[in-house]
Amino acid sequence: MPLKRKDLLGIEPLSVEEINLILNTAKAFKEVSTRDVKKVPTLRGKTIINLFFEPSTRTRTSFEIAGKRLSADILNISASTSSVVKGETLVDTARNLEAMYPDIIIIRHSRAGAPHLLANICRASVINAGDGAHEHPTQALLDAFTIKEYKKQIKGLKVAIIGDILHSRVARSNIHLLTKLGAEVRIAGPATYIPVEIEKLGVKVYHHIDAAFEGCDVVMMLRIQRERQDKSYLPSLREYFNLFGLTPERLRRATKDVIIMHPGPLNRGVEISSEAADGPYSVILEQVTNGVAVRMAVLYLLMGGKYEEVVS
Ligand code: CP
């Protein structure tokens, strides 16, 4: 079965079947990264542009490695070294890149909707690598892939997402994905970080972390997105850690095989202690590993690849 979409702009528009197709295809691709020669010829001759207007370590590198493992030609453009600094608009940048016939443009931008704008004007497939506080679809897909590896299925799991929900595209994409797949999603954080009417997305809101952790199978900690805040939402970072920071002691209310997740980058001592981040329940680096397989699957499927041909 192919993915019948030109672009991957968010989790919200995806069906459960499409999500499962991506996750199953990623499972088939994961093994490629363990080979001595970590390369398959699947996307030979395809050109991919990584267009990042915001900083990134994991997502940009992961897409680059994914593209290279599929034998595509992939190049990176960051806003600071492009003609954006000379005043070129996003639309003009996209039209000029498009004139060089790329097959896929991966974009990260501070404005929600920037990937959608590109998708409307570009013949190339567009992948959203994070748009403002809106969505980060491949992060949610790699998170779901990791949860399935540890818990086998997502339906029925209790997942607590803790922290700055208001500014987090990771939270939004995960809420869409996890509720579609039947998890009970709990969110907790300071009242200033909980979006108004978030319950309409099918989540339960908690204002105390201990209550959110009760019987929880998965804990997902979020960084405070200071780059998206023009005012102070918190009295102090110390108080934030005392109330909402993850420590091993706090996990006692969760299930005994709880997993700790974090999309990175970590702010140790703010939303998570080093003991929790580096301890036995943490799957944070496994998330990073799985990001490559998930992004290989997304690139492959958007180029018309079929799941059956990866597994055969
Ligand atoms: N998780 C994530 O998006 O990390 P980067 O900002 O490093 O890409």
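A pocket is taken here as an open set of grid points with protein on both sides within 12 Å along at least five of seven lines, and in this predicted model the largest pocket has a volume of about 390 Å³. Its lining is made up of 20 residues, and those that lie nearest the centre of the pocket are Arg 108, Arg 169, Arg 223, Gly 264 and Pro 265. Two elements, H2 and helix H6 (169-180), give two or more residues to this lining.

Two of the residues nearest the centre of the largest pocket, Gly 264 and Pro 265, are also joined to each other by a cis peptide bond, for which omega is about -5°. Pro 265 belongs to the loop between strand E9 (259-261) and helix H9 (274-277).

Apart from the pocket, the structure holds one cavity of 30 Å³ or more, and the space within the largest cavity comes to about 50 Å³. The residues that line this cavity are Arg 58, Ser 62, Gln 139, Leu 142, Pro 263, Gln 287, Val 288 and Arg 295. Two or more residues of the lining come from each of H2, helix H5 (137-151) and helix H10 (284-302), and H10 gives the most, with three residues. Helix H2 is thus named for the linings of both spaces, that of the largest pocket and that of the largest cavity.

The sheet is considered next. Four strands are arranged in the order E2-E1-E3-E4 as an open sheet with parallel pairing. Strand E2 (73-78) and strand E4 (125-131) stand at the edges and have a single partner strand each, so one side of each of these two strands is left without a neighbour in the sheet. From one strand to the next, the twist averages 15°.

Within this sheet, strand E1 (residues 47-52) pairs in the parallel sense with strand E3 (residues 104-109) over five bridges, and Ile 48 has Ile 104 as its bridge partner in E3. The parallel pairing of E1 with E2 extends over six bridges, and here Phe 52 stands opposite Ser 78 of E2. Strand E1 is mostly covered, with five of its six residues buried.

Two helices are set against the strands of the sheet. Helix H2 (residues 58-69) lies across E1, E2, E3 and E4 and runs at about 175° to E1, while helix H4 (residues 114-121) lies across E1, E3 and E4 and runs at about 170° to E4.

Elsewhere in the structure, helix H8 (residues 237-244) has Tyr 240, Phe 241 and Phe 244 as its buried residues. These residues are placed on the same side of H8 because they cover an arc of only 100° around the axis. Among the elements that cover them are strand E5 (158-162), strand E6 (184-188), helix H7 (209-213) and strand E8 (218-221).

Helix H6, already named for the lining of the largest pocket, also contains Leu 177. Leu 177 counts as buried because its relative accessibility is 0%, with buried meaning under 20% relative accessible area. When neighbours within four places in sequence are left aside, Leu 177 is in contact with Ile 11, Ile 19, Ala 140, Leu 141 and Ala 144. Leu 177 and Ile 154 are 23 residues apart in sequence, and the distance between them in space, from C-alpha to C-alpha, is 9.9 Å.

Two loop residues are set apart by their backbone angles. Ser 71, in the loop between H2 and E2, has a positive phi of about 70° although it is not a glycine. Tyr 101, in the loop between helix H3 (90-98) and E3, is likewise a residue other than glycine with a positive phi, in this case near 60°. As to accessibility, Ser 71 counts as buried because its relative accessibility is 15%, whereas Tyr 101 is exposed, with a relative accessible area of 57%.

Notes: Residues are numbered from 1 along each chain as its sequence is written. This is a predicted model: local features need pLDDT of at least 70, side-chain atom pairs count only at pLDDT 80 or more; totals for chains, interfaces and linings use all residues. Side-chain values use heavy atoms; hydrogens and water are left out. Buried means under 20% relative accessible area, exposed over 50%, partly exposed in between (1.4 Å probe, protein chains only). The arc is that of the directions from the helix axis to the C-beta atoms. Contact means heavy atoms within 4.5 Å. Two strands pair if DSSP finds at least two bridges between them. Axes are lines fitted to C-alpha atoms, for helices over the stretch in contact, and angles run from 0 to 180 degrees between N-to-C directions. On a 1 Å grid over the protein atoms alone, a cavity is a set of points where a 1.4 Å probe fits but cannot get out, and a pocket is an open set with protein on both sides within 12 Å along at least five of seven lines; lining residues have an atom within 4 Å of a point. Grid points are joined across faces, edges and corners, and a volume is the space filled by probe spheres set on the points.
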